[in-house]
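Good morning, and thank you for coming. I would like to talk today about cysteines and how they are paired. Please look at the structure while I speak.

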Amino acid sequence: MASVLGLCAALALLPAAAAAAQDVAGDCSQYTNRSCEECLKNVTCLWCASSGRCVEYPVRRVLPPADLCELRSARWGVCWVNFEALIIAMSVVGGIILIMLGVCCCCCCCKKKSKKPDKEDERMAREREKRRVRQEERRAEMKSRHDEIRRKYGLFKEENPYAKFEN
């Protein structure tokens with residue numbers, strides 16, 4: 001974890017090193033067999049630690065070719081970060097970001113699914129509807145019984161007592 005933080009710090013320092021290196025002009029080969037720090041003062045230069053050479057960075061390619069310098073020996077921007085460590089660290093950071101995005105997508109999908117009624121909720125709704133229908137049937141049955149009793153004892157009130165006299 002400390003190496004990843006160091007790498008991030010190095011990447012943050014690269015723009016500052018680039019601005020300082022723009023002031024320093026010259027051919028990179030003149031810094032060969034000197035020090036890494038002197039070579040990397042110029043942003044266009046690449047230091048090869050295994051051979052001690054300072055060469056022009058191949059700007060047409062993202063990574064320097066193996067015949068120019070091995071990745072574990074190549075330095076650019078700062079002397080303590082090689083391209084191999086940079087590739088590994090960036091791969092790890094990229095992988096972590098992809099995993100985090102995947103987890104976030106899964107969480108969002110699970111939340112959307114939980115908003116839909118599940119089988120238990122549907123079963124409870126069906127039972128509630130059945131109870132409501134049975135209750136209405138019982139109410140209708142009790143009303144018909146009560147009306148029958150009222151008719152029997154003459155307590156039933158007709159809606160319009162004059163309706164039977166109409167022609």
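**Cysteines, paired and unpaired**

Let me begin with Cys 104: its sulfur lies 6.4 Å from the closest cysteine sulfur, that of Cys 107, which is too far for a bond. A disulfide, for our purposes, is a pair of cysteine sulfur atoms within 2.5 Å. Cys 107, likewise, is in no disulfide, the nearest cysteine sulfur being that of Cys 104.

Before going on, I should say that this is a predicted model, in which local features need pLDDT of at least 70 and side-chain atom pairs count only at pLDDT 80 or more, while totals for chains, interfaces and linings use all residues. Residues are numbered from 1 along each chain as its sequence is written, and side-chain values use heavy atoms, with hydrogens and water left out.

Are these two cysteines buried or exposed? We call a residue buried under 20% relative accessible area, exposed over 50%, and partly exposed in between, using a 1.4 Å probe and protein chains only. Cys 104, at 46% relative accessibility, counts as partly exposed, and Cys 107, at 44%, also counts as partly exposed.

Let us turn to the bonded cysteines. How many disulfides does the structure hold? There are four. Counting bonded cysteines along the chain, the pattern is 1-4, 2-8, 3-6, 5-7. I shall describe three of these links, and I shall refer to helices (H or I, at least four residues) and strands (E, at least two), which are DSSP runs numbered from the N terminus.

Consider Cys 36 and Cys 79, joined with an S to S distance of 2.0 Å. This pair links distant parts of the chain, 43 residues apart: Cys 36 is in helix α2 and Cys 79 in strand β4. The torsion about their S-S bond is about -110°, so the disulfide is left-handed. Cys 36 and Cys 79 are buried.

Helix α2 also holds Cys 39, whose partner Cys 54 lies in strand β2, so this pair ties together parts that are 15 residues apart in sequence. Their sulfur atoms are 1.9 Å apart. Here the torsion is about 80°, so the disulfide is right-handed. Both Cys 39 and Cys 54 are buried.

Finally, Cys 48 and Cys 69 form a disulfide with sulfur atoms 2.1 Å apart. What is the handedness of this link? With 90° about the S-S bond, the link is right-handed. Cys 48 lies in strand β1 and Cys 69 in the loop between β2 and β3, so the pair ties together parts that are 21 residues apart in sequence. Both Cys 48 and Cys 69 are buried.
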